[in-house]
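I opened the notebook to look up a few things in this model. My list: the core, the charged pairs, the surface charge and some distances.

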Amino acid sequence: MANTPQARKRIRRNERRAEVNTNRVSRIRTFIKKVEVAIAGGDKTAAAEALKAAQPELARGVSRGVLHKNTASRKMSRLSKRVSAL
C-alpha cells in the first residue's frame, strides 16, 4: 500500500486518468465502428464521411497518448483502403 502522501496522491490521480483514457479509447472505437458498419453496408459516401470523422479522433488519441502512433496510422490506412475499394 502507499505510505507517503505523494504515493496516495499518485494513486488518486492515476485512477482519474485511467477513467479519462478509457473514455477516450472507447470514443475512438465508436468512430471506427461507424466506418466499419458503413463499409459493411456498402455505402461508399457514408463510409467516406465516417472515415473523415474518425481520422481526427485517431490523431487526437495519438496526441493524448492513448494510442501508439503506428497503431493509429495502420488503422487509418486500412480503413481508407477498404473505403476506396467500395
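Entry 1, a leucine. I started with Leu67, which is buried, with a relative accessible area of 19%. The cut-off for buried is under 20%, so Leu67 qualifies at 19%. I keep in mind that this is a predicted model. Leu67 sits in the loop between H2 and H3. I then took its distance to Ala18. The two C-alpha atoms of Leu67 and Ala18 are 13 Å apart in space, with their positions 49 residues apart in sequence.

Entry 2, the nonpolar core. Which residues have the most contacts inside the largest nonpolar core? I found Ile28, Val35, Ile39, Leu58, Leu67, Leu79 and Val83. The core has 16 residues in total. Next I asked which elements give two or more residues to this core. They are H1, helix H2 (44-64) and helix H3 (69-84). H1 supplies the largest share, six residues. Leu67 is on the list of residues with the most contacts, and its place is the loop between H2 and H3. As background, nonpolar side chains tend to be buried together in soluble globular proteins.

Entry 3, salt bridges. How many salt bridges does a search of the whole structure find? It finds three. Side chains of opposite charge can pair when their charged atoms come close. I went through the pairs in turn.

I took Arg27 and Glu57 to begin. They form a salt bridge, and their closest N and O atoms are 3.0 Å apart. Arg27 lies in helix H1 and Glu57 in helix H2, so this pair ties together parts that are 30 residues apart in sequence. Are the two partners buried or exposed? Arg27 is partly exposed, at a relative accessible area of 46%. Glu57 is buried, at 8%.

Then I followed Glu57 to another partner. Glu57 also forms a salt bridge with Arg60, with the closest N and O atoms 2.7 Å apart. Both Glu57 and Arg60 lie in helix H2. They are three residues apart, about one turn of the helix. Arg60 counts as partly exposed at 37% relative accessibility. I noted that Arg27, Glu57 and Arg60 are linked in a network of salt bridges.

That left Glu36 and Arg82. Their salt bridge has its closest N and O atoms 4.0 Å apart. The cut-off is within 4 Å, and I record the pair as a salt bridge. It links distant parts of the chain, with Glu36 in helix H1 and Arg82 in helix H3, 46 residues apart. Glu36 counts as partly exposed at 34% relative accessibility. Arg82 also counts as partly exposed, at 40%.

Entry 4, surface charge. Which residues form the positive surface patch? I listed Arg8, Lys9, Arg10, Arg12, Arg13, Arg16 and Arg17. I checked two of these by accessibility. Arg12 is found in helix H1 (residues 5-41). Arg12 is partly exposed, with a relative accessible area of 46%. Arg13 is found in helix H1 as well. Its relative accessible area is 32%, and Arg13 is partly exposed. A patch residue needs over 30% relative accessible area and no salt bridge, so Arg13 passes on area at 32%.

Entry 5, distances. I wanted a span along H1 from the patch. The C-alpha atoms of Arg13 and Gly41 are separated by 42 Å, and the two are 28 residues apart along the chain.

I moved to the start of the chain. Thr4 lies in the segment before H1. Thr4 is partly exposed, with a relative accessible area of 38%. C-alpha to C-alpha, Thr4 and Arg64 are 29 Å apart in space. In sequence they are 60 residues apart.

The last lookup was Ser77, found in helix H3. Ser77 is partly exposed, with a relative accessible area of 43%. How far apart are the C-alpha atoms of Ser77 and Gln55? They are separated by 9.9 Å, with the residues 22 apart along the chain.

Key:
Residues numbered from 1 in each chain as written. Predicted model: local features only at pLDDT ≥ 70, side-chain atom pairs only at ≥ 80, totals over all residues. Heavy atoms only, no water. Patch = residues over 30% accessible without salt bridge, like charges linked within 9 Å, V, L, I, M, F, W, Y side chains within 5 Å. Areas by Shrake-Rupley, 256 points an atom, 1.4 Å probe, with all protein chains shown as cover. Salt bridge = Lys/Arg side-chain N within 4 Å of Asp/Glu carboxyl O. Lys, Arg positive; Asp, Glu negative; His and termini not counted. Charge placed at Lys NZ, Arg CZ, Asp CG, Glu CD. Helix = DSSP H or I, 4+ residues; strand = E, 2+ residues; numbered from the N terminus. Buried < 20%, exposed > 50% of the residue type's maximum accessible area, 1.4 Å probe, protein only. Core = buried A, V, L, I, M, F, W, Y, C linked by side-chain atoms within 4.5 Å.
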